[in-house]
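Q: Please take a close look at one part of this structure, a single cysteine and its surroundings, and then set it against the pockets and the core of the fold.

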Amino acid sequence: MNSFFLKTNNCERLHYRKTGQGPALLLIHGFPEDGQLWDGILSDLQENFTVIVPDIPGSGVSILGKVMTMESAADDVAAILKKEQIEEVVIAGHSMGGYIGLAFAERHSSMLKGFSLVHSTAKEDTEAKKELRRKSIELIRKGGKEPFVKGMIPNLFAKQFCESFPEIIQKQIISGQKLSAESMIAFYEAMIKRPVRTNVLKNAAFPVQWIIGKEDNVVPIADSLQQCHLSNVNFVSVYDDCGHMSMLENKDKLIFDIKEFMRYAYNH
Ligand code: MLT
């Protein structure tokens, strides 16, 4: 696995990793995470694909950009692909990574061979969700970053998984707490501002995949089911006993589904 640093118009130091060979697959992590989120599934995927894993500006070892919006992050991702001379890609975006992927699909659609929403949504935040985010921003501003992350992480997992694997939950808490307060606030503000992008799905010339956790508290299954028929070609997988984090909760299934989707995306 090779590590690279890139300077873009927006970001002084954008870090990404690249591994494997074959058709390109770009994995975008969510919040509060970095590219290491995908480490448990990389070794299987790199056997068949060139896998690119960025740390979105403000996460991991990438520094926060001049601006943080779903659009700026999408353009930073496009800059990585340009540097790698990759003209066609499948993007899998986890949650916030999916919001970034949707902005990518809007701005760079000709590059997309397929798009996978991994526990993500094309809807905008509800007013109630925006209000909750504003409260969290206030807490983080007052120095409450650690309790905020500690409180939110268990909620990302199915109840049974949380009880059975406390060490995985703890690892995610420690990883989430590494994000700076400034980055956390920038990500939350960007999520509040993001527009609805269901039209991107309706107009998609590429196949769309939905990975849905039955016990997802962040993107409820009912929301996903309302959207997962909007595109022309939809691959829909619903995972029992899974929350918002299939790359940790249900990784064998996720690897299988991404491989199937990749085969279709590049061969149909
Ligand atoms: C994520 O997993 O990226 C976040 O939970 C997304 C969100 O808060 O909407």
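A: In this predicted model, Cys-242 has a relative accessibility of 0%, and because buried means under 20% relative accessible area, Cys-242 counts as buried. Cys-242 is found in the loop between β8 (234–239) and α11, and, leaving aside residues up to four places away in sequence, this cysteine touches His-119, Ala-158, Gly-213, Lys-214, Glu-215, Asp-216, Glu-249 and Asn-250. For one of these partners, Lys-214, a separation can be given: Lys-214 and Cys-242 are 28 residues apart along the chain, yet 5.9 Å separates their C-alpha atoms.

The helix that follows this loop, α11 (246–249), leads on to the second largest pocket, since α11, together with α1 (39–45) and α7 (166–177), supplies at least two residues of its lining. This pocket has a volume of about 280 Å³ and is lined by 13 residues, with Gln-36, Leu-37, Lys-171, Gln-172 and Leu-248 lying nearest its centre. The largest share of this lining comes from α7, which gives three residues, and by class the lining of the second largest pocket is made up of six charged, four polar and three nonpolar residues.

The largest pocket has a volume of about 460 Å³, and among the 20 residues that line it, those nearest the centre are Lys-129, Arg-133, Met-152, Tyr-188 and Val-218. Two or more residues of this lining come from each of α3 (96–107), α4 (127–141), α5 (145–152) and α8 (181–193), and α4 has the largest share, with six residues. Sorted by class, the lining of the largest pocket holds 11 nonpolar, six polar and three charged residues.

Turning to the interior, the largest nonpolar core has 87 residues, and those with the most contacts inside this core are Leu-27, Phe-31, Leu-45, Val-89 and Phe-104. The element that gives the most to this core is α8, with eight residues. Val-89 shows how such a residue is surrounded: again not counting residues up to four places away in sequence, Val-89 touches Ala-24, Leu-25, Leu-26, Leu-81, Phe-104, Met-111, Leu-112, Lys-113, Gly-114 and Tyr-266.

Terms used
Residues numbered from 1 in each chain as written. Predicted model: local features only at pLDDT ≥ 70, side-chain atom pairs only at ≥ 80, totals over all residues. Heavy atoms only, no water. 1 Å grid on protein atoms, 1.4 Å probe; cavity = no way out; pocket = protein on both sides within 12 Å on 5 of 7 lines; lining within 4 Å. Points joined across faces, edges and corners; volume = space filled by probe spheres on them. Helix = DSSP H or I, 4+ residues; strand = E, 2+ residues; numbered from the N terminus. Nonpolar A, V, L, I, M, F, W, Y, C, P; charged D, E, K, R; others polar. Core = buried A, V, L, I, M, F, W, Y, C linked by side-chain atoms within 4.5 Å. Buried < 20%, exposed > 50% of the residue type's maximum accessible area, 1.4 Å probe, protein only. Contact = heavy atoms within 4.5 Å.
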